[in-house]
Amino acid sequence: MYYVDGKWIEPGEAAVHPEDRGYQFGDGIYEVFRIYQGKIYQWDSHFARLQRSANELQLALPWTNSELKAIAEQLMEKNGIGGSDDAILYMQVTRGAAPRQHEYPDNQRPVLSAFARHKERPHAELKSGISAALVPDIRWLRCDIKSLNLLGAAMAKQQAKQSGAFEAILHRDGIVTEGSASNLFAVKDGVLHTHPANHLILHGITRQIVIELAQTLSLEVREKAFRTEFLRQADELFFTGTTVEVMPVISVDGQQVGSGRVGEVTRKLQVAFEATIA
Ligand code: PDD
């Protein structure tokens, strides 16, 4: 069952307004939540980011943290997600329907829609690592807003897929930013490197958790941009994200990363991350 604008809807029944600004302008925001063992992981961090994305777009969210969480929990219940289930939950908020004009309408009634479905953790990939492809980052300059404008990300992921890779590593004129739906870390001589959390990347919740875990493991983290040349010389690479967790990258454009096997630092961080979801 889906949740659409205050109603519980069976698949195929969903009715949204043809002049919803989500369709016409991608004018909206979203969050993807992970559910581990029947519980939503990091709810408050996701809600805070949704609120921040909304503020940046002058979109007044009519739901409080607890109201939105109640909807999420009802959605899980209606979809039989609980107990020991692993699942994902998606929520998006558009600015709602208004006669088409670019500027924001004066009277906004944001529209919330959501779904939840069972989803296993990517055990095989976490164990053996995945391949990536370098793809130019053609997205807009506010990648810190988790907006519905995902065409640049979708094109990058498609390009990676067509070259046989699992995920794209995006770069802007040679500066490595992040993945199409994940953040990226490089490990060189035991030090972690990742793009700073500015307007060019999404401020990933998993990224932040991993930075904190690295600190507890006495690993140095440098939040500083690096170039593709550095990426090619990295000992280890991994993506972070709600769906990919701490995902080792063992090859880029067909060239192996480090030893070509999942690295030691990545493994340590995977173990530390596992402990946060248990
Ligand atoms: N993507 N960078 C981008 C561009 C993302 O879309 C995502 C998440 C991340 C990781 O952020 P977090 O750790 O908070 O999930 C980084 C979600 C899962 C998606 O669009 O499916």
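## Two domains, one ligand

The shell around the ligand takes at least three residues from domain 1 (2-120), and at least three from domain 2 (124-277). This is a predicted model.

Four elements each give the shell at least two residues. Three are strands: β3 (28-36), β9 (175-179) and β14 (236-241). The other is a helix, α6 (205-216).

## Who lines the site

The ligand has 18 residues around it. Tyr-30, Arg-49, Glu-178, Thr-206 and Thr-242 come nearest.

What kinds of residues make up the shell around the ligand? Nine are polar, five are nonpolar and four are charged.

## Polar contacts

Look at the backbone of Ile-205. One of its N or O atoms lies 2.8 Å from an oxygen atom of the ligand. Ser-182 also uses its backbone: an N or O atom there lies 3.5 Å from a ligand nitrogen atom.

Lys-146 uses its side chain instead. A polar atom of that side chain lies 3.3 Å from a nitrogen atom of the ligand.

How much of the ligand's accessible area does the protein cover? On its own, the ligand has 480 Å² of accessible area, and the protein covers 89% of that.

## The pocket

Where does the ligand sit? The space it takes is the largest pocket.

Terms used
Residues are numbered from 1 along each chain as its sequence is written. This is a predicted model: local features need pLDDT of at least 70, side-chain atom pairs count only at pLDDT 80 or more; totals for chains, interfaces and linings use all residues. Side-chain values use heavy atoms; hydrogens and water are left out. A residue is near a molecule or strand if one of its heavy atoms lies within 4 Å of it. A polar contact is a pair of N or O atoms within 3.5 Å; within protein, one must be able to donate a hydrogen and the other to accept it, and residues adjacent in sequence count only if both atoms are side-chain atoms. Accessible areas come from the Shrake-Rupley method with a 1.4 Å probe; for residues, only the protein chains shown count as cover. On a 1 Å grid over the protein atoms alone, a cavity is a set of points where a 1.4 Å probe fits but cannot get out, and a pocket is an open set with protein on both sides within 12 Å along at least five of seven lines; lining residues have an atom within 4 Å of a point. A molecule sits in a cavity or pocket if more than half of its atoms lie within 2 Å of its grid points. Ala, Val, Leu, Ile, Met, Phe, Trp, Tyr, Cys and Pro count as nonpolar, Asp, Glu, Lys and Arg as charged, and the others, Gly among them, as polar. Domain bounds come from an automatic or database domain assignment.
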